[in-house]
Amino acid sequence: MRTGAIHGRGLGRSSRVASLCTDKSAYFCSMKKVRIGLLGRILIAIALGIVAGLKAPEVLVRVFVTFNSFFGNFLGFVIPLIILGLVSAAIGRMGSGAKRLLLITVALAYGFTIFSGLISYGTSSSVFPSLIDPSAKTHITEGNEAINPFFVVDMPPLMGVMTALVLAFILGLGMSHIRGKALMEVATDFEEIIGKMISSVIIPLLPLYIFGIFLNMTYMGQVAGVMQVFLKIIGVIFVMHILLLLIQYSIAGAVVKRNPLTLLKQMLPAYATALGTQSSAATIPITLKQTRKNGVSEEVSGFAIPLCATIHLSGSTLKIVACAVALMMMQGLNYDFGLFFGFILMLGITMIAAPGVPGGAIMASIGILQSILGFSETDLGLMIALYITMDSFGTACNVTGDGAIALIVDKYYKRL
(Lines give C-alpha, C1' and ligand atoms only; values in the text may rest on other atoms or scores of the structure.)
Protein backbone atom coordinates (compact mmCIF):
# COMPACT_ATOMS: atom_id res chain seq x y z
CA MET A 1 0.00 0.00 0.00
CA ARG A 2 2.77 2.40 0.88
CA THR A 3 4.44 1.89 -2.50
CA GLY A 4 1.11 2.34 -4.25
CA ALA A 5 0.42 5.51 -2.32
CA ILE A 6 3.79 6.94 -3.25
CA HIS A 7 3.23 5.94 -6.88
CA GLY A 8 -0.21 7.54 -6.77
CA ARG A 9 1.14 10.76 -5.33
CA GLY A 10 3.79 10.78 -8.10
CA LEU A 11 1.15 10.41 -10.77
CA GLY A 12 -0.91 13.17 -9.22
CA ARG A 13 2.06 15.50 -9.22
CA SER A 14 2.82 14.67 -12.87
CA SER A 15 -0.76 15.41 -13.79
CA ARG A 16 -0.67 18.73 -11.99
CA VAL A 17 2.60 19.65 -13.75
CA ALA A 18 1.16 18.65 -17.12
CA SER A 19 -1.98 20.67 -16.41
CA LEU A 20 0.10 23.63 -15.35
CA CYS A 21 2.12 23.34 -18.57
CA THR A 22 -0.95 23.23 -20.80
CA ASP A 23 -3.01 25.80 -18.92
CA LYS A 24 -0.82 28.46 -17.33
CA SER A 25 2.57 28.02 -19.01
CA ALA A 26 1.60 26.91 -22.52
CA TYR A 27 3.62 29.69 -24.08
CA PHE A 28 6.80 28.84 -22.20
CA CYS A 29 6.36 25.10 -22.77
CA SER A 30 5.86 25.60 -26.49
CA MET A 31 9.01 27.71 -26.60
CA LYS A 32 11.00 24.56 -25.82
CA LYS A 33 9.89 23.14 -29.17
CA VAL A 34 11.06 26.15 -31.15
CA ARG A 35 14.21 25.41 -33.12
CA ILE A 36 16.30 27.97 -34.92
CA GLY A 37 17.12 26.85 -38.46
CA LEU A 38 20.51 27.05 -40.10
CA LEU A 39 19.69 30.36 -41.78
CA GLY A 40 18.71 31.86 -38.43
CA ARG A 41 21.88 30.60 -36.78
CA ILE A 42 24.03 31.98 -39.60
CA LEU A 43 22.37 35.41 -39.35
CA ILE A 44 22.78 35.41 -35.57
CA ALA A 45 26.45 34.40 -35.97
CA ILE A 46 27.06 37.26 -38.40
CA ALA A 47 25.34 39.80 -36.13
CA LEU A 48 27.13 38.59 -32.99
CA GLY A 49 30.47 38.52 -34.81
CA ILE A 50 30.06 42.14 -35.89
CA VAL A 51 28.93 43.33 -32.44
CA ALA A 52 31.63 41.39 -30.58
CA GLY A 53 34.34 42.51 -33.00
CA LEU A 54 33.77 46.17 -32.14
CA LYS A 55 35.03 45.77 -28.58
CA ALA A 56 36.55 42.30 -28.42
CA PRO A 57 40.00 41.97 -26.83
CA GLU A 58 42.74 40.55 -29.00
CA VAL A 59 42.91 37.33 -26.99
CA LEU A 60 39.26 36.52 -27.81
CA VAL A 61 39.83 37.17 -31.50
CA ARG A 62 42.90 34.95 -31.34
CA VAL A 63 40.85 32.10 -29.79
CA PHE A 64 38.44 32.14 -32.73
CA VAL A 65 41.25 32.55 -35.23
CA THR A 66 42.68 29.34 -33.74
CA PHE A 67 39.33 27.58 -34.08
CA ASN A 68 38.91 28.81 -37.65
CA SER A 69 42.40 27.61 -38.49
CA PHE A 70 41.59 24.15 -37.12
CA PHE A 71 38.17 23.99 -38.79
CA GLY A 72 39.54 25.31 -42.08
CA ASN A 73 42.25 22.63 -42.10
CA PHE A 74 39.60 20.02 -41.31
CA LEU A 75 37.54 21.23 -44.28
CA GLY A 76 40.59 20.94 -46.50
CA PHE A 77 41.06 17.35 -45.35
CA VAL A 78 37.46 16.24 -45.87
CA ILE A 79 36.73 18.01 -49.17
CA PRO A 80 38.23 15.20 -51.32
CA LEU A 81 36.35 12.67 -49.18
CA ILE A 82 33.09 14.58 -49.68
CA ILE A 83 33.60 14.57 -53.45
CA LEU A 84 34.56 10.89 -53.57
CA GLY A 85 31.81 9.76 -51.22
CA LEU A 86 28.94 11.72 -52.71
CA VAL A 87 29.71 11.98 -56.42
CA SER A 88 30.63 8.31 -57.02
CA ALA A 89 27.45 6.98 -55.38
CA ALA A 90 25.25 9.57 -57.13
CA ILE A 91 26.65 8.74 -60.59
CA GLY A 92 26.47 5.01 -59.85
CA ARG A 93 22.75 5.24 -59.10
CA MET A 94 21.94 7.68 -61.87
CA GLY A 95 23.56 5.67 -64.64
CA SER A 96 22.06 2.30 -63.74
CA GLY A 97 18.84 2.94 -65.64
CA ALA A 98 20.15 5.02 -68.48
CA LYS A 99 17.61 4.97 -71.29
CA ARG A 100 16.39 7.58 -73.69
CA LEU A 101 14.03 9.41 -71.35
CA LEU A 102 16.59 9.34 -68.58
CA LEU A 103 19.28 10.71 -70.87
CA ILE A 104 16.95 13.46 -72.09
CA THR A 105 16.07 14.42 -68.52
CA VAL A 106 19.72 14.48 -67.46
CA ALA A 107 20.68 16.52 -70.55
CA LEU A 108 17.91 19.07 -69.90
CA ALA A 109 18.79 19.36 -66.21
CA TYR A 110 22.48 19.83 -66.96
CA GLY A 111 21.71 22.23 -69.82
CA PHE A 112 19.42 24.38 -67.67
CA THR A 113 22.02 24.36 -64.88
CA ILE A 114 24.83 25.49 -67.20
CA PHE A 115 22.52 28.06 -68.79
CA SER A 116 21.72 29.56 -65.38
CA GLY A 117 25.43 29.76 -64.56
CA LEU A 118 26.17 31.60 -67.81
CA ILE A 119 23.30 34.03 -67.23
CA SER A 120 24.56 34.61 -63.70
CA TYR A 121 28.11 35.30 -64.89
CA GLY A 122 26.96 37.66 -67.64
CA THR A 123 24.64 39.59 -65.33
CA SER A 124 27.08 39.68 -62.42
CA SER A 125 30.06 40.82 -64.49
CA SER A 126 27.89 43.58 -66.01
CA VAL A 127 25.97 44.78 -62.94
CA PHE A 128 28.30 44.21 -59.99
CA PRO A 129 31.02 46.68 -61.08
CA SER A 130 28.50 49.49 -60.53
CA LEU A 131 27.63 48.12 -57.08
CA ILE A 132 31.19 47.42 -55.91
CA ASP A 133 33.14 50.67 -55.87
CA PRO A 134 36.52 49.97 -57.50
CA SER A 135 38.13 52.84 -55.57
CA ALA A 136 37.16 51.24 -52.25
CA LYS A 137 37.64 47.54 -52.83
CA THR A 138 37.38 45.42 -49.75
CA HIS A 139 40.60 43.46 -49.60
CA ILE A 140 39.74 40.43 -47.55
CA THR A 141 42.77 39.00 -45.84
CA GLU A 142 43.16 35.73 -44.03
CA GLY A 143 42.34 36.09 -40.34
CA ASN A 144 45.47 34.17 -39.37
CA GLU A 145 47.62 36.59 -41.38
CA ALA A 146 46.51 39.52 -39.21
CA ILE A 147 46.36 37.64 -35.89
CA ASN A 148 48.17 34.34 -35.58
CA PRO A 149 46.42 31.35 -33.97
CA PHE A 150 47.73 29.92 -30.70
CA PHE A 151 48.62 26.70 -32.53
CA VAL A 152 48.08 25.06 -35.92
CA VAL A 153 47.07 21.44 -36.55
CA ASP A 154 48.08 20.38 -40.05
CA MET A 155 45.69 17.99 -41.77
CA PRO A 156 47.02 17.20 -45.24
CA PRO A 157 44.29 15.66 -47.44
CA LEU A 158 44.64 12.08 -48.62
CA MET A 159 44.39 13.21 -52.26
CA GLY A 160 43.91 16.35 -54.33
CA VAL A 161 40.50 17.68 -55.29
CA MET A 162 40.83 16.82 -58.99
CA THR A 163 42.17 13.36 -58.13
CA ALA A 164 39.09 12.75 -55.96
CA LEU A 165 36.77 14.03 -58.70
CA VAL A 166 38.32 11.85 -61.44
CA LEU A 167 38.31 8.81 -59.14
CA ALA A 168 34.65 9.47 -58.28
CA PHE A 169 33.75 9.59 -61.99
CA ILE A 170 35.62 6.35 -62.69
CA LEU A 171 34.01 4.52 -59.78
CA GLY A 172 30.54 5.92 -60.44
CA LEU A 173 30.53 5.11 -64.17
CA GLY A 174 32.10 1.71 -63.48
CA MET A 175 29.44 0.80 -60.91
CA SER A 176 26.64 1.83 -63.27
CA HIS A 177 28.16 -0.25 -66.08
CA ILE A 178 28.94 -3.52 -64.29
CA ARG A 179 25.89 -3.22 -62.02
CA GLY A 180 27.79 -4.88 -59.21
CA LYS A 181 26.17 -4.81 -55.79
CA ALA A 182 29.21 -5.18 -53.54
CA LEU A 183 31.03 -1.97 -54.52
CA MET A 184 27.76 -0.05 -54.74
CA GLU A 185 26.91 -1.06 -51.20
CA VAL A 186 30.34 0.15 -50.03
CA ALA A 187 29.87 3.43 -51.93
CA THR A 188 26.39 3.88 -50.45
CA ASP A 189 27.65 3.25 -46.91
CA PHE A 190 30.54 5.68 -47.45
CA GLU A 191 28.07 8.24 -48.85
CA GLU A 192 25.97 7.83 -45.71
CA ILE A 193 29.02 8.35 -43.50
CA ILE A 194 29.98 11.52 -45.39
CA GLY A 195 26.40 12.80 -45.31
CA LYS A 196 26.25 12.17 -41.56
CA MET A 197 29.53 14.01 -41.06
CA ILE A 198 28.24 17.00 -43.01
CA SER A 199 24.90 17.15 -41.18
CA SER A 200 26.24 16.31 -37.70
CA VAL A 201 29.68 17.98 -37.65
CA ILE A 202 30.29 20.49 -40.43
CA ILE A 203 26.85 22.15 -40.64
CA PRO A 204 26.45 22.58 -36.83
CA LEU A 205 29.93 24.15 -36.57
CA LEU A 206 29.46 26.51 -39.52
CA PRO A 207 27.77 29.27 -37.45
CA LEU A 208 30.74 29.26 -35.04
CA TYR A 209 33.16 29.34 -37.99
CA ILE A 210 31.30 32.24 -39.61
CA PHE A 211 31.11 34.04 -36.25
CA GLY A 212 34.92 33.83 -36.08
CA ILE A 213 35.27 35.19 -39.62
CA PHE A 214 33.07 38.23 -38.98
CA LEU A 215 34.59 38.77 -35.52
CA ASN A 216 38.05 38.97 -37.08
CA MET A 217 36.87 41.08 -40.04
CA THR A 218 35.18 43.58 -37.70
CA TYR A 219 38.23 43.69 -35.44
CA MET A 220 40.37 44.46 -38.51
CA GLY A 221 37.90 47.13 -39.72
CA GLN A 222 36.80 45.30 -42.89
CA VAL A 223 33.20 44.31 -42.22
CA ALA A 224 31.35 47.52 -43.22
CA GLY A 225 32.28 47.27 -46.88
CA VAL A 226 31.53 43.54 -46.98
CA MET A 227 28.01 43.89 -45.53
CA GLN A 228 27.11 46.73 -47.90
CA VAL A 229 28.10 44.58 -50.86
CA PHE A 230 26.25 41.54 -49.43
CA LEU A 231 22.91 43.37 -49.33
CA LYS A 232 23.29 44.57 -52.90
CA ILE A 233 24.26 41.11 -54.15
CA ILE A 234 21.27 39.47 -52.47
CA GLY A 235 18.85 41.84 -54.21
CA VAL A 236 20.38 41.22 -57.65
CA ILE A 237 20.40 37.43 -57.19
CA PHE A 238 16.73 37.37 -56.17
CA VAL A 239 15.77 39.26 -59.34
CA MET A 240 17.88 36.86 -61.43
CA HIS A 241 16.04 33.88 -59.90
CA ILE A 242 12.68 35.27 -61.02
CA LEU A 243 13.96 36.01 -64.52
CA LEU A 244 15.47 32.51 -64.78
CA LEU A 245 12.12 30.88 -63.96
CA LEU A 246 10.38 33.05 -66.55
CA ILE A 247 12.92 31.94 -69.18
CA GLN A 248 12.62 28.25 -68.24
CA TYR A 249 8.83 28.29 -68.44
CA SER A 250 8.89 30.32 -71.63
CA ILE A 251 10.95 27.50 -73.18
CA ALA A 252 8.65 24.82 -71.73
CA GLY A 253 5.55 26.76 -72.80
CA ALA A 254 6.87 27.03 -76.36
CA VAL A 255 7.50 23.26 -76.47
CA VAL A 256 4.07 22.25 -75.12
CA LYS A 257 2.32 25.25 -76.77
CA ARG A 258 0.75 26.59 -73.58
CA ASN A 259 0.84 29.88 -71.66
CA PRO A 260 4.13 29.90 -69.66
CA LEU A 261 2.70 32.21 -66.98
CA THR A 262 -0.19 29.81 -66.37
CA LEU A 263 2.24 26.89 -66.09
CA LEU A 264 4.49 28.84 -63.70
CA LYS A 265 1.53 29.95 -61.58
CA GLN A 266 0.52 26.32 -61.09
CA MET A 267 3.97 25.60 -59.58
CA LEU A 268 3.81 28.37 -56.96
CA PRO A 269 2.75 25.97 -54.14
CA ALA A 270 5.95 24.00 -54.75
CA TYR A 271 7.94 27.25 -54.70
CA ALA A 272 6.35 28.28 -51.39
CA THR A 273 6.91 24.83 -49.86
CA ALA A 274 10.58 24.87 -50.81
CA LEU A 275 11.00 28.30 -49.20
CA GLY A 276 9.98 26.72 -45.89
CA THR A 277 11.68 23.32 -46.13
CA GLN A 278 14.93 24.46 -47.86
CA SER A 279 15.00 20.92 -49.29
CA SER A 280 14.26 19.73 -52.82
CA ALA A 281 13.70 16.20 -51.53
CA ALA A 282 11.18 17.27 -48.89
CA THR A 283 9.25 19.23 -51.52
CA ILE A 284 8.95 16.29 -53.97
CA PRO A 285 5.32 15.40 -53.03
CA ILE A 286 4.12 18.96 -53.68
CA THR A 287 6.24 19.28 -56.84
CA LEU A 288 4.76 16.02 -58.15
CA LYS A 289 1.21 17.14 -57.41
CA GLN A 290 1.59 20.54 -59.11
CA THR A 291 3.47 19.08 -62.09
CA ARG A 292 0.64 16.63 -62.73
CA LYS A 293 -1.85 19.51 -62.50
CA ASN A 294 0.12 21.04 -65.39
CA GLY A 295 -0.76 17.95 -67.44
CA VAL A 296 2.44 15.92 -67.10
CA SER A 297 1.77 12.17 -67.16
CA GLU A 298 2.28 10.08 -64.04
CA GLU A 299 4.90 7.95 -65.81
CA VAL A 300 7.11 10.95 -66.60
CA SER A 301 6.52 12.94 -63.43
CA GLY A 302 7.14 9.84 -61.32
CA PHE A 303 10.78 9.60 -62.38
CA ALA A 304 11.58 13.10 -63.69
CA ILE A 305 10.71 15.02 -60.52
CA PRO A 306 12.69 12.83 -58.05
CA LEU A 307 15.63 12.70 -60.47
CA CYS A 308 15.64 16.47 -61.05
CA ALA A 309 15.50 17.03 -57.29
CA THR A 310 19.01 15.57 -57.29
CA ILE A 311 20.59 16.72 -60.56
CA HIS A 312 18.84 20.00 -61.48
CA LEU A 313 20.39 22.90 -59.54
CA SER A 314 19.85 26.00 -61.65
CA GLY A 315 19.03 28.24 -58.70
CA SER A 316 21.99 27.01 -56.66
CA THR A 317 24.39 27.43 -59.60
CA LEU A 318 23.14 30.94 -60.22
CA LYS A 319 23.84 31.91 -56.61
CA ILE A 320 27.27 30.32 -56.39
CA VAL A 321 28.49 31.92 -59.62
CA ALA A 322 27.18 35.36 -58.65
CA CYS A 323 28.70 35.17 -55.16
CA ALA A 324 32.03 34.00 -56.58
CA VAL A 325 32.16 36.87 -59.08
CA ALA A 326 31.32 39.37 -56.34
CA LEU A 327 34.00 38.09 -53.97
CA MET A 328 36.66 38.18 -56.69
CA MET A 329 35.66 41.76 -57.54
CA MET A 330 35.81 42.74 -53.87
CA GLN A 331 39.42 41.57 -53.71
CA GLY A 332 40.46 42.94 -57.07
CA LEU A 333 41.30 39.47 -58.37
CA ASN A 334 41.56 38.83 -62.09
CA TYR A 335 38.89 36.69 -63.73
CA ASP A 336 37.52 36.15 -67.22
CA PHE A 337 34.86 34.22 -69.09
CA GLY A 338 37.17 31.29 -69.86
CA LEU A 339 37.92 30.76 -66.17
CA PHE A 340 34.26 30.87 -65.16
CA PHE A 341 33.05 28.81 -68.11
CA GLY A 342 35.22 25.91 -66.98
CA PHE A 343 34.09 26.50 -63.39
CA ILE A 344 30.40 26.43 -64.41
CA LEU A 345 30.82 23.20 -66.41
CA MET A 346 32.43 21.48 -63.43
CA LEU A 347 29.91 23.00 -61.02
CA GLY A 348 27.01 21.42 -62.91
CA ILE A 349 28.61 18.01 -62.38
CA THR A 350 29.92 18.26 -58.84
CA MET A 351 26.66 19.60 -57.43
CA ILE A 352 24.99 16.30 -58.28
CA ALA A 353 26.65 15.34 -55.02
CA ALA A 354 24.75 17.99 -53.05
CA PRO A 355 23.38 16.16 -50.01
CA GLY A 356 19.82 16.65 -48.77
CA VAL A 357 20.76 19.15 -46.06
CA PRO A 358 20.56 22.96 -46.04
CA GLY A 359 23.67 24.36 -47.66
CA GLY A 360 24.51 21.02 -49.30
CA ALA A 361 25.17 22.56 -52.72
CA ILE A 362 27.79 24.99 -51.45
CA MET A 363 29.50 22.20 -49.49
CA ALA A 364 29.69 20.04 -52.63
CA SER A 365 31.19 22.93 -54.62
CA ILE A 366 33.93 23.86 -52.13
CA GLY A 367 36.48 21.69 -53.90
CA ILE A 368 36.27 23.44 -57.28
CA LEU A 369 36.00 26.86 -55.64
CA GLN A 370 39.46 26.12 -54.27
CA SER A 371 40.99 24.28 -57.22
CA ILE A 372 39.65 26.40 -60.11
CA LEU A 373 39.03 29.85 -58.62
CA GLY A 374 41.73 29.63 -55.94
CA PHE A 375 39.49 30.59 -53.01
CA SER A 376 41.07 30.78 -49.57
CA GLU A 377 39.53 29.56 -46.30
CA THR A 378 38.19 33.04 -45.54
CA ASP A 379 36.69 33.29 -49.03
CA LEU A 380 34.97 29.95 -48.51
CA GLY A 381 33.55 31.12 -45.19
CA LEU A 382 32.12 34.23 -46.82
CA MET A 383 30.73 32.14 -49.69
CA ILE A 384 29.01 29.81 -47.23
CA ALA A 385 27.53 32.73 -45.25
CA LEU A 386 26.29 34.53 -48.36
CA TYR A 387 24.94 31.34 -49.95
CA ILE A 388 23.04 30.09 -46.89
CA THR A 389 21.49 33.53 -46.40
CA MET A 390 19.65 32.89 -49.70
CA ASP A 391 19.47 29.09 -49.51
CA SER A 392 15.67 28.84 -49.48
CA PHE A 393 15.32 30.99 -52.61
CA GLY A 394 17.79 28.84 -54.53
CA THR A 395 16.00 25.65 -53.50
CA ALA A 396 12.65 27.14 -54.52
CA CYS A 397 14.08 28.07 -57.92
CA ASN A 398 15.47 24.54 -58.32
CA VAL A 399 12.20 22.68 -57.61
CA THR A 400 10.05 25.08 -59.61
CA GLY A 401 12.35 24.62 -62.60
CA ASP A 402 11.93 20.83 -62.22
CA GLY A 403 8.36 21.30 -63.41
CA ALA A 404 9.55 22.95 -66.63
CA ILE A 405 11.89 20.04 -67.38
CA ALA A 406 9.09 17.53 -66.72
CA LEU A 407 6.85 19.34 -69.22
CA ILE A 408 9.46 19.09 -71.98
CA VAL A 409 10.25 15.41 -71.24
CA ASP A 410 6.54 14.57 -71.21
CA LYS A 411 6.13 16.14 -74.65
CA TYR A 412 8.85 13.84 -76.00
CA TYR A 413 7.36 10.85 -74.16
CA LYS A 414 3.95 11.36 -75.80
CA ARG A 415 5.59 11.27 -79.22
CA LEU A 416 7.09 7.82 -78.64
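# Helix, core and a buried serine

Student: What makes the reach of helix α8 (residues 181–219) close to what is expected?

Tutor: Helix α8 has 39 residues and reaches 54 Å from its first C-alpha to its last, against an expected 57 Å at 1.5 Å a residue. The expected span is 1.5 Å times one less than the number of residues. Helices here are DSSP runs of H or I with at least four residues, strands are runs of E with at least two, and both are numbered from the N terminus. This is a predicted model, where local features need pLDDT of at least 70 and side-chain atom pairs count only at pLDDT 80 or more, while totals for chains, interfaces and linings use all residues. Residues are numbered from 1 along each chain as its sequence is written, and side-chain values use heavy atoms, with hydrogens and water left out.

Student: Where does α8 bend, and by how much?

Tutor: The bend is about 40° at leucine 206, and proline 207 follows within four residues. Such a bend is the angle between axes fitted to the seven residues ending at a position and the seven starting there.

Student: Why is serine 297 called buried?

Tutor: Buried means under 20% relative accessible area, exposed means over 50%, and partly exposed lies in between (1.4 Å probe, protein chains only). Serine 297 has 14% relative accessibility, so it counts as buried. Its place is the loop between α12 (284–293) and α13 (298–311).

Student: Which residues does serine 297 touch?

Tutor: Leaving out residues up to four places away in sequence, serine 297 touches Asp410 and Tyr413. A contact means heavy atoms within 4.5 Å.

Student: What makes a set of residues a nonpolar core?

Tutor: The members are buried Ala, Val, Leu, Ile, Met, Phe, Trp, Tyr and Cys residues joined through side-chain atoms within 4.5 Å. The largest such core has 103 residues, and Ile202 and Leu369 have the most contacts inside it. Helix α14 (residues 314–330) gives the largest share of this core, 12 residues. A second, separate core has 8 residues, including Ala45 and Phe64.

Student: What does isoleucine 202 touch?

Tutor: Not counting residues up to four places away in sequence, isoleucine 202 touches Phe71, Phe74, Leu75, Val78, Ile82, Met197 and Met363.

Student: How many helices and strands are there in the chain?

Tutor: The chain has 18 helices and 0 strands. Of its 416 residues, 49% are buried.
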